[in-house]
Amino acid sequence: MEMRHLRLVRTLAVEGTLTAAGKKLFLSQSALSHQLREIEDELGVQLFQRANKRMVLTAAGQRVLSSADVVLEEIKDVRQDILRMSNGETGTLRVAACRCAGFHWLPTVLKPFMKSYPGVEVCIDTAPSHDPIGLLVANSIDIAIVNFKDEHQGVTYLKLFDDQMVVVAKSDHPWANREHVSARDFSGDHLITYDLPFEEIEFNRKVLVPAGVEPASLTRVPTTDAIIELVKAGIGVAVLNLWSIQPYLESEDLATVPLKKNGFSRSWYAAVNDDHRKPPCIARFIGFLANSQN
């Protein structure tokens with residue numbers, strides 16, 4: 001029994017004649033008669049009988065029709081669901097960020113996105129990732145939010161915005177009221193930073209190393225929360241992007257100081273796999289994310 005047989009039974013039951021059913025199915029009367037014989041021979045029963053020039057379902061035909069209605073409607077629903085998924089109207093959007101990104105932007109982005117794509121579930125990997133691009137390449141996520149660009153074949157980096165880096169210190173730290181902090185100042189203080197190789201941290205690579213400066217001492221911790229808590233405790237100072245520490249700036253225990261006389265910024269990117277079949281919801285989410293800083 002094939003789909004065409006089920007369509008024939010349902011259409012013939014509604015239309016009542018092979019001629020009318022043929023017009024609905026765009027088949028000749030002889031082709032429909034042949035299909036009807038196929039299914040009746042397979043089942044070994046008669047599905048229709050003639051009554052007053054109409055084709056009327058037998059009891060066996062009624063049983064086949066009840067299943068045809070269920071199966072054909074389910075197939076229709078499957079096709080519609082797949083179409084909505086391919087158009088990005090339903091499904092799951094998976095997002096991860098590097099460990100220094102934070103997620104304070106989430107409500108600002110999710111509210112308009114969910115309004116535009118109510119059928120798309122956004123799954124945020126809140127566990128700090130040291131390799132979000134690796135997750136992207138492995139197709140474990142759809143968008144990686146990062147502040148660097150690696151040479152990965154098949155990955156596109158879409159610029160989101162530039163973000164100012166600032167020194168974060170306890171409010172009673174000697175630097176708290178300074179106009180700015182220079183690279184050489186770090187040679188006399190304890191630096192709290194992410195648990196990454198020294199050269200992978202942009203501040204170290206682009207500010208300290210060119211100046212030939214090493215911090216007096218160093219503590220590495222895994223998350224922004226941990227860095228902030230150590231700074232508030234007076235353990236040392238940190239250099240963080242202004243974007244990621246917005247939720248913490250209401251604390252009276254913290255002070256932010258510009259880094260370098262002219263400031264220091266870095267860029268944020270949304271990394272996606274090179275796939276021209278990406279659903280439109282990915283581009284829309286990235287657009288909302290880029291506008292979240294405006």
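In the predicted model, a salt bridge is formed between the side chains of R10 and E73, with a separation of 3.4 Å from N to O. Because R10 belongs to helix 1 and E73 to helix 4, this pair ties together parts of the chain that lie 63 residues apart in sequence. E73 is partly exposed, its relative accessible area being 35%, and R10, at 26% relative accessibility, is likewise assigned to the partly exposed class. R10 also takes part in a salt bridge with D69, for which the closest N and O atoms are 3.9 Å apart. As D69 is placed in helix 4 (residues 59–86) and R10 in helix 1 (residues 3–15), this contact ties together parts separated by 59 residues in sequence. D69 is partly exposed as well, with a relative accessibility of 32%. Helix 1 and helix 4 are thus linked through R10 by its pairing with E73 and by its pairing with D69.

A further salt bridge is found between the side chains of E2 and R4, where the N to O distance is 2.7 Å. Both of these residues are partly exposed, E2 having a relative accessibility of 41% and R4 one of 31%. The contacts described here belong to a total of nine salt bridges in the structure. Salt bridges with shared partners also join E2, R4 and E38 into one network.

At the level of the whole chain, nine helices and 11 strands are assigned. The radius of gyration is 32 Å, well over the 19 Å that the globule rule gives for 294 residues, and the chain is therefore more spread out than a compact globule. The dimensions of the C-alpha trace along its principal axes are about 100 × 40 × 30 Å. Of the 294 residues in the protein chain, 42% are classed as buried.

Among the strands, strand 6 (residues 155–170) and strand 9 run antiparallel and are joined by four bridges. Within this pairing, V168 has A238 of strand 9 as its bridge partner. The side chains of strand 9 (residues 238–241) are divided between two directions, with A238 and L240 pointing one way and V239 and N241 the other way. Burial is nevertheless found on both sides of strand 9, since A238, L240, V239 and N241 are all under the 20% relative accessible area that defines a buried residue.

Two asparagines outside the helices and strands have positive phi values. N52, although it is not a glycine, has a positive phi of about 55 degrees, and its position is in the loop between strand 1 and strand 2 (54–57). With a relative accessible area of 78%, N52 is exposed. N139, also a residue other than glycine, has a positive phi near 65 degrees and is located in the loop between helix 6 (132–137) and strand 5 (143–146). The relative accessible area of N139 is 47%, which places this residue in the partly exposed class.

On the surface, M1, L43 and V45 make a nonpolar patch of about 230 Å². One of these residues, V45, is located in the loop between helix 3 (29–43) and strand 1 (48–51). V45 is partly exposed, at 35% relative accessibility.

The structure holds zero disulfides. A disulfide is a covalent bond between the sulfur atoms of two cysteines. For C123, the closest cysteine sulfur is that of C281, at a distance of 13 Å, which is too far for a bond; a pair would have to lie within 2.5 Å to be counted as a disulfide. The converse also holds, as the cysteine sulfur closest to that of C281 is the one in C123, again 13 Å away and too far for a bond. The surroundings of these cysteines are described by separate accessibility classes, C123 being partly exposed at 38% relative accessibility, whereas C281 is buried with a relative accessible area of 5%.

How values were computed: Residues are numbered from 1 along each chain as its sequence is written. This is a predicted model: local features need pLDDT of at least 70, side-chain atom pairs count only at pLDDT 80 or more; totals for chains, interfaces and linings use all residues. Side-chain values use heavy atoms; hydrogens and water are left out. Patches are made of residues with over 30% relative accessible area and no salt bridge: like charges are joined within 9 Å, nonpolar side chains (Val, Leu, Ile, Met, Phe, Trp, Tyr) within 5 Å. Accessible areas come from the Shrake-Rupley method with a 1.4 Å probe; for residues, only the protein chains shown count as cover. A salt bridge is a side-chain nitrogen of Lys or Arg within 4 Å of a carboxyl oxygen of Asp or Glu. Buried means under 20% relative accessible area, exposed over 50%, partly exposed in between (1.4 Å probe, protein chains only). Two strands pair if DSSP finds at least two bridges between them. The radius of gyration is taken over C-alpha atoms; the globule rule is 2.2 Å times the number of residues to the power 0.38.
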